[in-house]
Amino acid sequence: MSPFTSHPDDQLWKFKIKDLFPHDDELARYVLIVLTANEDLSNIERFKTLLENEKPRPGIDEIAQAKWNRGHFFLAKLRMGFLHNIWKEILGKEEKTPPLAILISKLGNEVRESYEALRNTVSSCRRTKNILKDFRNRTSFHYDQRQFEVALKIGADDTGEIIEGDSDVHFIVAYQVLDLIPAGRPSREDVLKVKDEIELIQNKFHDFVSVLFPAYIDSRSLMKKVEITKHFTEEQ
């Protein structure tokens, strides 16, 4: 089922933005920033679901597989860039009492404990944290000639690929080189460990959001300001 179609259990919330997120309320701003980051990661997952539906069978079509691999890499580099931004811009640096921790302390123990679990998870995954930083600062949103020079040296003897068609060109080689910038050539074991830790960090962040938002809504009795429309069906 497509993530962009309506589902039977969907509800549409409508409200004045100022009622839930007043511009002069620091906690409201932080909560909305966290929700924005959560939506960015969720959209990566939604598009990944669509991409999985297009995944070619291994060994059947080399050109289709090459196109699919690069699409998958594109989503991966965006995802890692967003995860780094979450750590740097939302969770803050490793001060003892970052602003968000102070603000959410009034929302109860469950929120505080989930936040601490997220911070501790990221801190314990130091290698992955550094790779996320490198992806954000060298790969995800940057085109630094010096970094490309290093990657080109590493991959000089690799086989590059370009797919040219009547209506489109896929410059596969660009991502082949880009892929070498953050970590060079890590071992397969390192790659699998980083993938597992990225999943863990992202899941901890989603867990944090799942307790933060309800606690924020409840703490201010904001549901009374929300108009809810349930999923429309032909039977209705």
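**Reading exposure, pairing and packing**

Author: Glu89 counts as exposed, because its relative accessibility is 54%. The term rests on cut-offs: buried means under 20% relative accessible area, exposed means over 50%, and partly exposed lies in between, with a 1.4 Å probe and protein chains only. The structure is a predicted model, in which local features need pLDDT of at least 70 and side-chain atom pairs count only at pLDDT 80 or more, while totals for chains, interfaces and linings use all residues. Residues are numbered from 1 along each chain as its sequence is written, and side-chain values use heavy atoms, with hydrogens and water left out.

Reader: Before the details, how many helices and strands does the protein have?

Author: Helices (H or I, at least four residues) and strands (E, at least two) are taken as DSSP runs and numbered from the N terminus. By that rule the protein has 9 helices and 4 strands, and along the sequence they follow the pattern β-α-α-α-α-α-α-α-β-β-α-α-β. The C-alpha atoms fill a box of roughly 60 × 55 × 30 Å along the principal axes, and of the 236 residues, 35% count as buried. If contact is taken as heavy atoms within 4.5 Å, then among contacts between residues at least 6 apart in sequence, 80% join residues at least 24 apart.

Reader: Returning to Glu89, with which residue does Glu89 form a salt bridge?

Author: The general idea is that side chains of opposite charge can pair when their charged atoms come close. Here a salt bridge is a side-chain nitrogen of Lys or Arg within 4 Å of a carboxyl oxygen of Asp or Glu, and the structure holds 7 of them. Glu89 is bridged to Lys88, with the closest N and O atoms 3.6 Å apart, and Lys88 counts as partly exposed because its relative accessibility is 44%. Another of the bridges joins the side chains of Glu39 and Arg46, with 2.7 Å from N to O; Glu39 is partly exposed at 36% relative accessibility, and Arg46 is partly exposed too, with a relative accessible area of 26%.

Reader: How should I read the bridge between Lys153 and Glu149, and by about how much of a helix are the two separated?

Author: The side chains of Lys153 and Glu149 meet at 3.9 Å, N to O. Because the two residues lie 4 apart in helix α7, about one helical turn separates them. Lys153 counts as exposed at 61% relative accessibility, whereas Glu149, at 45%, counts as partly exposed.

Reader: Turning from the surface to empty space, what volume does the largest cavity have?

Author: Rolling a probe the size of a water molecule over the atoms shows where empty space is left. A cavity is a set of points, on a 1 Å grid over the protein atoms alone, where a 1.4 Å probe fits but cannot get out, and its lining residues have an atom within 4 Å of a point. Grid points are joined across faces, edges and corners, and the volume is the space filled by probe spheres set on the points. A search of the whole structure finds 1 cavity of 30 Å³ or more, and the largest cavity has a volume of about 70 Å³.

Reader: Which helix gives the most to the lining of the largest cavity?

Author: That is α3, with 5 residues. Helices α3 (62–91), α5 (109–124) and α6 each supply at least two residues of the lining, which includes Trp87, Leu118, Lys129 and Ile201.

Reader: Which residue has a positive phi although it is not a glycine?

Author: Ser221 has a positive phi of about 50°. Ser221 sits in the loop between α9 (188–219) and β4 (227–230), and it is partly exposed, with a relative accessible area of 42%.

Reader: Where is His142 found?

Author: His142 lies in the loop between α6 (126–140) and α7 (145–154), and it is partly exposed, with a relative accessible area of 31%. With neighbours within four places in sequence left aside, His142 is in contact with Arg136 and Asn137.

How values were computed
1 Å grid on protein atoms, 1.4 Å probe; cavity = no way out; pocket = protein on both sides within 12 Å on 5 of 7 lines; lining within 4 Å.
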